[in-house]
Amino acid sequence: MDGISYVDVGEGPVSLFVHGVGTSSYLWRHVIEAFRDERRCVAIDLPLHGGSAPRDDLSMPALAEAVEELCDGLGLGEVDLVANDTGGAVAQIFAVRHRERLRTLTLTNCDVHTNAPPEAFKSTVELAARGELAALTEAVLDQPELLAQTAFGVGYERIDDPAELVDAFLKPIFAKPGGGHAFERMLTSIDAKDLVAIEPQLTVLTVPTLVVWGTGDAFFDVSWARWLRDTIPGVKEVVEIEGGRLFFPDERADELVPHLRRFWAQPQP
């Protein structure tokens, strides 16, 4: 797991958290705080994000390989995998590759099937493809109040402390040599074909799966939660977080935690 940074706190059954593009393990801090006295909580910084180094291949399948490396490096057995945003796509790929590693799977608002990247995010990806996104994002590093005008402003219901999120999410990416260009490359590597390719495997995925979905998300409509329910036989339940946006696992963690606790307490086959 060369160059992979992560959070690892607590003891007990392992919960493994995966974030999406442009955030980091910091996204899960409130959820981890709720469980650290009863579980071992591991949260990866995907390559390029947080303290993790960039890699040549930043596609979703390659990110799933990074999650596998972390599991091997830490000697993790079965895990309860929880994911958000692009991390949810990574988790789906990981799940069909490594059924034996999963005790359960929980997916929150994320890329699903043909909705990758989502329509509302495509203008950002187009900026990245033209090589124009890095410079625009760097302006936010110096003026955090501009964060509300980016995709983060759509992904959160409200941003009380934009400087905090800029410091936690964006600065670690852009502080790395070539980080801005690597970020653009990562965005342009999000390709629905990687998820469409695993649909046949999802239709036979029996891992006990919980879907928790914010209904106010402009990127990932709740219809995709139902697609997961209708496609993955392991899905036990779809929980809707009324008005929750993409990053509700951060700003409304107190609503996610009880569903995770209840789900994980259920006897699993």
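Q: Ala, Val, Leu, Ile, Met, Phe, Trp, Tyr, Cys and Pro count as nonpolar, Asp, Glu, Lys and Arg as charged, and the others, Gly among them, as polar; how many residues of each class are in the lining of the second largest pocket?
A: Three are nonpolar, one is polar and seven are charged. This is a predicted model, in which local features need pLDDT of at least 70 and side-chain atom pairs count only at pLDDT 80 or more, while totals for chains, interfaces and linings use all residues. Residues are numbered from 1 along each chain as its sequence is written, and side-chain values use heavy atoms, with hydrogens and water left out.

Q: What makes a residue part of the lining of the second largest pocket, and which residues are they?
A: A lining residue has an atom within 4 Å of a pocket point; on a 1 Å grid over the protein atoms alone, a pocket is an open set of points where a 1.4 Å probe fits, with protein on both sides within 12 Å along at least five of seven lines. The lining consists of R29, H30, Y156, R158, I159, D160, D161, E164, L165, D250 and E251. Two or more of its residues come from each of α1 (29–35), α7 (162–174) and α12 (248–251). The volume of this pocket, the space filled by probe spheres set on the points (joined across faces, edges and corners), is about 160 Å³.

Q: What is the volume of the largest pocket, and which residues are closest to its centre?
A: The largest pocket holds about 550 Å³ of space. Its lining has 30 residues, and F121, T124, T150, A151 and F152 are the closest to the centre. By class, 20 are nonpolar, eight polar and two charged. Helix α5 gives the most to this lining, with five residues.

Q: How do you know how many helices and strands the chain has?
A: Helices (H or I, at least four residues) and strands (E, at least two) are DSSP runs, numbered from the N terminus. By that rule the chain has 13 helices and seven strands.

Q: Why are β1 and β7 called edge strands?
A: Two strands pair if DSSP finds at least two bridges between them. The open sheet has the order β1-β3-β2-β4-β5-β6-β7, with mixed pairing. β1 (5–9) and β7 (235–241) each pair on one side only, which makes them the edges.

Q: What makes β2 and β4 a pair, and in which direction do they run?
A: Five bridges join β2 (residues 14–18) to β4 (residues 79–85), and the two run parallel. One of the residues involved is L16, whose partner in β4 is L81.

Q: Why is the chain said to agree with a compact globule?
A: The radius of gyration is taken over C-alpha atoms, and the globule rule is 2.2 Å times the number of residues to the power 0.38. For 269 residues the rule gives a value near 18 Å; the chain has 17 Å, so it agrees. Along its principal axes the C-alpha trace spans about 50 × 35 × 35 Å.

Q: What makes the peptide bond from A116 to P117 and the phi of L48 worth listing?
A: Most residues other than glycine have a negative phi, and most peptide bonds are trans. The bond from A116 to P117 is cis, with omega near -10°, and P117 sits in the loop between β5 and α4. L48 has a positive phi, near 85°, and belongs to the loop between β3 and α2.

Technical notes
Nonpolar A, V, L, I, M, F, W, Y, C, P; charged D, E, K, R; others polar.
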